[in-house]
Amino acid sequence: MSAVPEPTAASETPTVLIRPTRGLASLQLKEVWTYRELLYFLVWRDVKVRYKQTVLGVAWAVLQPVMTTVVFTIFFGQLANIGSDGLPYPLFSFAGLLAWNFFAQGLAQASGSLVGSSNLIKKVYFPRLVIPISSVLVGLVDLCVGLVCLLGIMAHYRVWPSATFLLLPVFVFLAAGAALGVGMFLSALNVKYRDVRYVVPFFVQLWLFVTPVIYPASLVAPKMKAAGVPVWLYGLNPMAGAVEGFRWAALGTGTVAGSVITTSIAVTAVLLVGGVFYFRQTERTFADVV
Amino acid sequence: MSEVAIRVERLGKQYRIGTVRGSKHRTLRDTLSGAVADSFRRARGILRSPENGLRPADGTFWALKDVSFEIQRGEVVGIIGRNAAGKSTLLKILSRITEPTTGSAEIHGSVSSLLEVGSGFHAELTGRENIFLNGAILGMPKTEIIRRFDEIVSFSEVEKFIDTPVKHYSSGMYLRLAFAVAAHLEPEILIVDEVLAVGDAAFQAKCLGKMEDVARRGRTVLFVSHNISAVERLCETGVVLAEGRVLFRGNIGDAVSCYLASVNPYVTSGSSEGPGFADLLRHPGRQAGARPLLQSLALLGPGSPRVLRDRLKTGEDAVFEIRYDAEGTKLDMAFLAINSLRGERVCTVGTHLSPGPVGVLPGKGTLQCRLPSLPLAAGDYVAVVAIGQSFPRKEIDRVEFALRFRVETGDYFGTGAALHHSQGSFAQRSEWKVVPGAGELEVGAL
């Protein structure tokens with residue numbers, strides 16, 4: 001729907017024109033900024049509700065990656081003996097898992113967010129983009145809790161953060177962008193086709209194995225070179241760059257092929273723009289269909 | 001600088017009802033497999049005869065069609081109509097929740113819509129937290145919410161429970177809190193849809209009072225309700241919607257009459273009946289299967305030439321003439337009742353309520369009923385007529401909504417003053433004088 005808010009010359013009253021959208025809808029980013037307080041409140045609400053309800057509360061943000069790390073360490077680190085770039089395997093997998101969980105949670109929450117907020121969508125006006133964005137941002141809280149835990153584990157293994165630690169937000173941003181891009185697309189799709197929601201966990205599972213969480217990218221790169229496949233192709237998975245980069249920034253080790261990261265950034269940008277675009281195009285029917 | 005707050009031009013909204021295979025939400029799987037199946041079907045169709053039943057029924061309907069009107073700044077407009085007239089759809093479009101299919105709407109000013117109370121609430125959060133959340137969802141900046149927090153809490157009357165999770169609230173408390181937040185938004189245009197339908201009488205009165213307050217401060221208000229008296233009390237003008245189109249746009253009294261006429265299936269303004277006369281032999285207001293002893297009902301003026309009248313003045317004598325055919329049954333009782341268009345009984349008169357019994361009625365004839373100085377307030381009314389036996393008390397034939405007529409104030413009070421339709425259903429003369437400060441009043445025997 002094209003709504004053109006513009007102050008009239010004589011007074012401050014905003015004028016809004018409502019008409020059926022023809023052709024391409026605008027990306028509406030400025031309006032999302034206007035509603036940033038709503039975004040803040042939705043994130044706050046979800047976080048508050050989550051931590052109010054569960055007995056484990058905050059502990060769950062730590063417990064989940066810790067338990068997964070234990071299982072991975074036993075089965076992949078020790079029994080399967082997968083390399084970990086010279087780092088102790090638990091540290092290696094925990095760091096990777098932090099980034100991965102942030103992405104996976106964000107994606108899962110975002111894809112169901114529109115349908116979950118159907119009562120809001122049908123009753124109140126606000127830019128609908130705010131909903132998937134808030135679901136992804138909620139994961140930031142868990143990520144911060146997890147980072148504290150990561151620092152603890154790093155101290156235990158005597159691995160100290162280096163200057164690269166300051167670059168951590170870049171890779172968090174990358175993961176958030178990927179989650180948001182795909183999440184927006186899926187949430188819009190889910191409104192029309194309700195079975196999309198059931199397919200998402202399956203794909204996320206597969207995605208986990210394709211991403212260098214359990215194993216380092218240095219396992220894959222030489223094999224690709226040997227097969228004559230350009231290494232940057234691995235970066236087509238945006239999370240490959242995000243996870244590797246995250247680990248590198250936090251732990252200071254690991255060989256990060258710059259081409260992989262660059263490709264991941266480019267792919268994430270495409271996913272973001274494409275996701276917003278698709279979302280805006282289908283947004284006009286949300287209230288009618290949801 | 002225009003004074004128009006809302007301008008709607010040829011607005012239309014089309015909905016699709018049902019889709020292929022009757023399910024509301026197609027699945028991705030169905031879509032993908034359907035695409036494959038369809039291409040096969042099309043290939044086969046080239047060799048076969050035309051499909052019947054292969055093309056799915058495409059049901060669409062226009063919830064709104066060609067709706068145009070203007071609302072000035074500061075106007076309080078009531079939007080009324082039957083269910084499925086398109087009122088909620090219109091509000092949703094003006095609130096930017098759904099997009100119109102055709103036409104356009106221009107809105108000058110900030111809009112706040114109350115389409116459902118408490119839509120932003122979350123059960124696990126406390127009342128205090130929900131005020132902030134709901135306020136943010138409805139577009140109130142945080143500083144505004146803080147400033148008005150106390151006002152909101154006192155309006156809602158839930159001070160004691162403000163820090164309890166909302167899931168423990170009763171539905172009344174929940175509603176009061178939600179309305180309190182929305183009511184303090186101070187938008188330039190307030191759109192309210194049927195929120196008064198739930199809630200007790202005290203709450204409804206409070207909501208109406210607050211909305212009157214908003215209106216008095218010069219805001220534009222759009223109010224949708226089925227509560228006709230609330231609409232009449234609050235609004236100056238009205239828009240009547242029927243089947244997605246505008247039926248009437250004008251002052252609220254006429255709008256209400258128009259709406260009531262459209263809702264009441266039997267009351268037509270002179271179609272199968274002429275003015276002041278109703279043929280009762282085959283009248284839809286008679287219960288199916290009853291014996292049609294009543295043949296016609298006519299309304300005459302008090303004057304000596306027997307002239308049919310479709311309208312009276314307040315305080316005039318009304319003369320009703322009932323033609324009947326007893327068909328062998330012994331009849332000695334008849335009564336006539338006057339209802340407002342809303343169905344409220346204004347008065348009942350009958351042979352058993354007048355001095356001097358009428359006795360057994362002749363087998364066939366005309367019964368006249370005179371109501372001297374009928375002090376009905378201005379408005380539209382319907383007459384109900386029935387005939388039967390007094391002992392044992394039995395009504396043999398009855399026709400509802402038999403005849404419609406209008407009453408105009410005229411100069412009942414002798415001062416040229418007229419009564420507004422919201423000031424009562426009958427007109428009463430009164431005498432006023434200043435009395436000297438008398439002594440104590442005594443309590444007499446009652």
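Is the crossing of helix 6 of chain A and helix 7 of chain A right-handed or left-handed? I looked that up first, and the crossing is right-handed (clockwise turn of the near helix from the far one, by less than a right angle; anticlockwise would be left-handed).

Before going on, I noted that this is a predicted model, where local features need pLDDT of at least 70, side-chain atom pairs count only at pLDDT 80 or more, and totals for chains, interfaces and linings use all residues. Residues are numbered from 1 along each chain as its sequence is written, with chains lettered from A and ligands numbered from 1 in the order in which they are written.

**Helix pair, chain A.** I found that the axes of helix 6 (130-156) and helix 7 (168-192) of chain A come within 9 Å and cross at roughly 145° (axes are lines fitted to C-alpha atoms over the stretch in contact, angles run from 0 to 180 degrees between N-to-C directions; helices are DSSP runs of H or I, at least four residues, and strands of E, at least two, numbered from the N terminus). Among the residues in contact are V136(A) of helix 6 and G183(A) of helix 7 (C-beta atoms, placed from the backbone, within 7 Å).

**Chain B against chain A.** I see 40 residues of chain B in contact with 35 of chain A. Strand 4 of chain B gives the most to its side, six residues.

**Sheet, chain B.** I traced an open sheet of four strands, order 10-11-13-16, with antiparallel pairing (at least two DSSP bridges between two strands). Strands 13 and 16 of chain B pair over eight bridges, and I322(B) has L367(B) as its bridge partner.

Key
Two residues are in contact if their C-beta atoms, placed from the backbone, lie within 7 Å.
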